[in-house]
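Let's take a walk through this model together. Have the sequence and the 3D view open, and we will go from one site to the next.

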Amino acid sequence: MAASGVQGEDLRAMTAIPPERWLVYRRLVLNRFVEIVETGLPRTASKLGRERLAGEVTRFIDQRASQSPYLRDIVAEFVAWASQAWSEGPLPRWLIDLARHELLGFEVSSLPEEPDVPVIDDLAIGRPVVLQQAARLAKYEYAVHDLPDDVTDRSEPACGPTAILAYRDRAHRVRFLKLDPLAAALIEELMSGAPLGEAIRRACEQAHVDLNDAVLSDVAVLLADLADRSVLRGAVHRTDS
Amino acid sequence: MRTRKLAGVGVGLRWAFLDEAAYGLADGRVEFFEISPENYMRRGGYYPAALEQVADRHRIVTHGLMMSLGSTDPLNDAYFRELRRWLDRFDPPWHSDHLCFSGVDGALLHDLLPIPFTRSMASHVAARIREAQDRLQRPLAVENVSYYLELGHAEMSEAQFIAEVIERADCSLLLDVNNLDVNATNHGIDVRRWLDEIPMDRVVEIHVAGPEPWDQGLLLDTHGAPVRPSVHALLEEVVARTGPVPVLLERDNNIPPLHDLLAEVDIVDRTYQRALRRWQAAHPPTEVSHVLP
């Protein structure tokens with residue numbers, strides 16, 4: 001305390017406080033952080049076990065703590081910290097993918113719909129599309145989306161590149177779609193704001209697929225499906241007419 | 001526009017019974033719901049949609065958690081912008097937050113940490129409350145918190161500190177009688193003397209809740225148990241002094257089914273009504289003389 005600048009009567013008063021009273025606050029803070037991490041990442045937390053989770057959250061608090069006034073943001077902050085902290089260590093490599101996947105669902109369930117949604121027109125090849133603002137694309141090294149929801153399950157995911165689109169349905173439930181490489185590349189391009197035609201061309205390049213009628217038909221089916229799911233809302237309104 | 005003065009007993013709205021409240025199962029049983037804006041701000045999806053349904057049925061009072069009035073960090077611009085936008089939507093009669101700090105140097109611990117009872121801290125907190133009121137363009141009430149240690153050498157009692165802060169800031173007080181009871185148990189505070197030092201005309205709202213035991217006889221303010229008889233007694237004492245102000249029942253842990261929680265609202269209301277009768281007996285209606293011209 002003296003090294004932190006506490007002096008005189010303040011120092012005497014604070015050093016007279018029994019350590020148990022200080023530890024009450026440490027326990028309260030730790031419990032609050034652990035509880036919100038368990039809420040956001042129930043399967044990751046279960047796979048770690050309560051004691052190991054408490055240890056990891058303690059390290060997170062000591063090294064970084066939270067930077068956000070919103071309690072739920074602790075989940076994302078913890079996963080960002082864990083992505084570094086767990087990169088070299090005894091924990092299985094897929095665990096951070098599972099944490100990211102659980103975070104994806106947790107965040108998509110509560111992402112705000114921005115009030116300034118652009119006016120929407122019918123799709124046009126030369127214009128960017130409007131996607132649901134809560135929709136997010138995630139890529140993993142492991143097929144963690146295939147793991148059972150049961151928190152007591154102890155199976156491990158298959159290794160392999162995996163792309164998942166998460167979105168909210170009309171009843172506010174989070175849904176996940178597994179995407180093949182072309183669909184993932186296309187949605188990534190559309191999310192970056194590329195005009196529809198340009199997004200299709202670039203996606204085909206990235207997925208090493210020839211752009212032909214069959215592919216265009218597949219893309220049309222995908223776009224129709226996304227529209228049915230309320231993920232694809234239309235095209236950005238043309239303002240130059 | 002709602003002009004009726006807020007009074008009676010309300011409940012802190014929690015996820016555990018948000019659906020039931022949205023569907024009207026608390027209609028006629030609570031005078032208002034209190035919510036923590038941080039749980040809804042910058043958020044889409046189900047919860048804010050359900051809150052809109054609750055707000056269509058009930059009056060809403062707001063109680064924040066993260067203003068961190070005792071911190072030395074500057075007030076968070078983005079947080080205040082969003083809070084103001086959000087409060088303007090629900091238009092509560094005041095907004096409240098805690099006399100505490102939640103972090104420093106940008107690191108937040110999401111807890112209500114105690115602040116030193118010193119003149120310089122009273123001045124510091126009062127200035128931040130005035131700034132907060134300016135930013136929100138809305139009256140602010142501050143709540144006395146439970147604390148488990150005194151941070152540094154106290155220059156005054158907690159009650160004197162609170163009185164100095166609210167007078168300097170010209171703000172209101174949310175008097176949490178459970179926190180007072182917890183602190184009285186943990187620190188041996190004389191509650192009658194404590195109450196005598198508080199300017200009761202500043203009290204706009206009262207909180208009640210139930211604590212849980214911790215190690216070595218310490219009471220922990222968990223909002224995880226029914227209201228203790230000693231808190232009922234304090235509630236009656238305070239309402240007999242303040243008159244009709246809204247009283248909130250808080251429950252954050254071990255939340256019972258809504259039916260049971262509403263039964264506890266009824267018990268709190270009986271204490272509240274008894275206190276109001278005492279207050280009314282001490283404040284009989286003034287007779288008005290009509291003088292003909």
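**A guided walk through the model**

At 29% relative accessibility, A:Asn31 counts as partly exposed, because that value falls between the 20% limit for buried and the 50% limit for exposed. Please keep in mind from the start that this is a predicted model. A:Asn31 sits in helix H2 of chain A. If you look from its C-alpha atom to that of A:Thr58, which is 27 residues away along the chain, the separation is 9.9 Å.

A:Thr58 brings us to a helix pair, since it is one of the residues of H4(A) that take part in the contact with H2(A). How do these two helices cross? The axes of H2 (residues 19–40) and H4 (residues 50–63) of chain A come within 10 Å and cross at roughly 110 degrees. H2(A) is therefore roughly perpendicular to H4(A), because angles from 65 to 115 degrees fall in that class. The crossing of H2(A) and H4(A) is right-handed.

You can pick out the residues on both sides of this contact. H2(A) contributes A:Arg26, A:Val29, A:Leu30, A:Phe33, A:Val34, A:Val37 and A:Glu38, and these meet A:Arg50, A:Leu53, A:Ala54, A:Val57, A:Thr58, A:Phe60, A:Ile61 and A:Asp62 of H4(A). Sorted by class, the contact of H2(A) with H4(A) holds 10 nonpolar residues, 1 polar residue and 4 charged ones. As you read along such a list, it helps to recall that an α-helix has 3.6 residues a turn, so residues three or four places apart point the same way.

While you are in this region, have a look at A:Gly55, which belongs to helix H4 of chain A. A:Gly55 is partly exposed, with a relative accessible area of 33%. Its C-alpha atom is 9.7 Å from that of A:Val34, and the two residues are 21 residues apart along the chain.

Next comes a loop residue, A:Pro92, placed between helix H5 (73–85) and helix H6 (94–108) of chain A. A:Pro92 is partly exposed, at a relative accessible area of 35%. Between A:Pro92 and A:Glu156 there are 9.4 Å in space, C-alpha to C-alpha, for a sequence separation of 64 residues.

Now let's turn to helix H7 of chain A, residues 181–191. Is this helix mostly covered or mostly open? H7(A) is mostly covered, with 8 of its 11 residues buried. The buried residues are A:Leu182, A:Ala183, A:Ala184, A:Ala185, A:Leu186, A:Ile187, A:Glu189 and A:Leu190. Their cover includes strands E2 (129–131), E3 (136–142), E4 (159–168) and E5 (174–179), along with helices H8 (196–207) and H9 (213–228) of chain A.

Both ends of H7(A) reward a closer look. At the N-terminal end, A:Asp180 acts as a cap: one of its side-chain oxygens lies 3.2 Å from the backbone nitrogen of A:Leu182. Just after H7(A), A:Gly193 takes a positive phi of about 100 degrees.

Positive phi values turn up at other sites too, and a bit of background is useful here. Most residues other than glycine have a negative phi. A:His208 is not a glycine, yet its phi is positive, at about 55 degrees. This residue lies in the loop between H8 and H9 of chain A, and at 74% relative accessibility A:His208 counts as exposed. A:Ser230 also has a positive phi, near 70 degrees, without being a glycine. You will find A:Ser230 in the loop between H9 and strand E6 (232–236) of chain A. Buried or exposed? A:Ser230 is buried, with a relative accessible area of 13%.

Finally, let's cross to chain B. Helix H2 (residues 46–57) and helix H3 (residues 77–90) of chain B pack at an angle of about 40 degrees, with their axes 11 Å apart. H2(B) is thus oblique to H3(B). In this contact, B:Leu51, B:Glu52 and B:Ala55 of H2(B) meet B:Trp86, B:Arg89 and B:Phe90 of H3(B). By class, that gives 4 nonpolar, no polar and 2 charged residues.

Our last stop is B:Thr118, in the loop between strand E6 (107–113) and helix H4 (119–136) of chain B. B:Thr118 counts as buried, at 9% relative accessibility. A polar atom of its side chain lies 3.1 Å from the backbone nitrogen of B:Met121. Leaving aside neighbours within four places in sequence, B:Thr118 is in contact with B:His153, B:Glu155, B:Met156 and B:Phe161.

Key:
Residues numbered from 1 in each chain as written. Chains lettered and ligands numbered in written order. Predicted model: local features only at pLDDT ≥ 70, side-chain atom pairs only at ≥ 80, totals over all residues. Heavy atoms only, no water. Buried < 20%, exposed > 50% of the residue type's maximum accessible area, 1.4 Å probe, protein only. Helix = DSSP H or I, 4+ residues; strand = E, 2+ residues; numbered from the N terminus. Contact = heavy atoms within 4.5 Å. Polar contact = N/O pair within 3.5 Å; in protein donor to acceptor, adjacent residues only side chain to side chain. Axes fitted to C-alpha atoms, helices over the stretch in contact; angles between N-to-C directions. Parallel < 35°, antiparallel > 145°, perpendicular 65-115°, else oblique. Left-handed = near helix turned anticlockwise from the far one by under 90°. Nonpolar A, V, L, I, M, F, W, Y, C, P; charged D, E, K, R; others polar.
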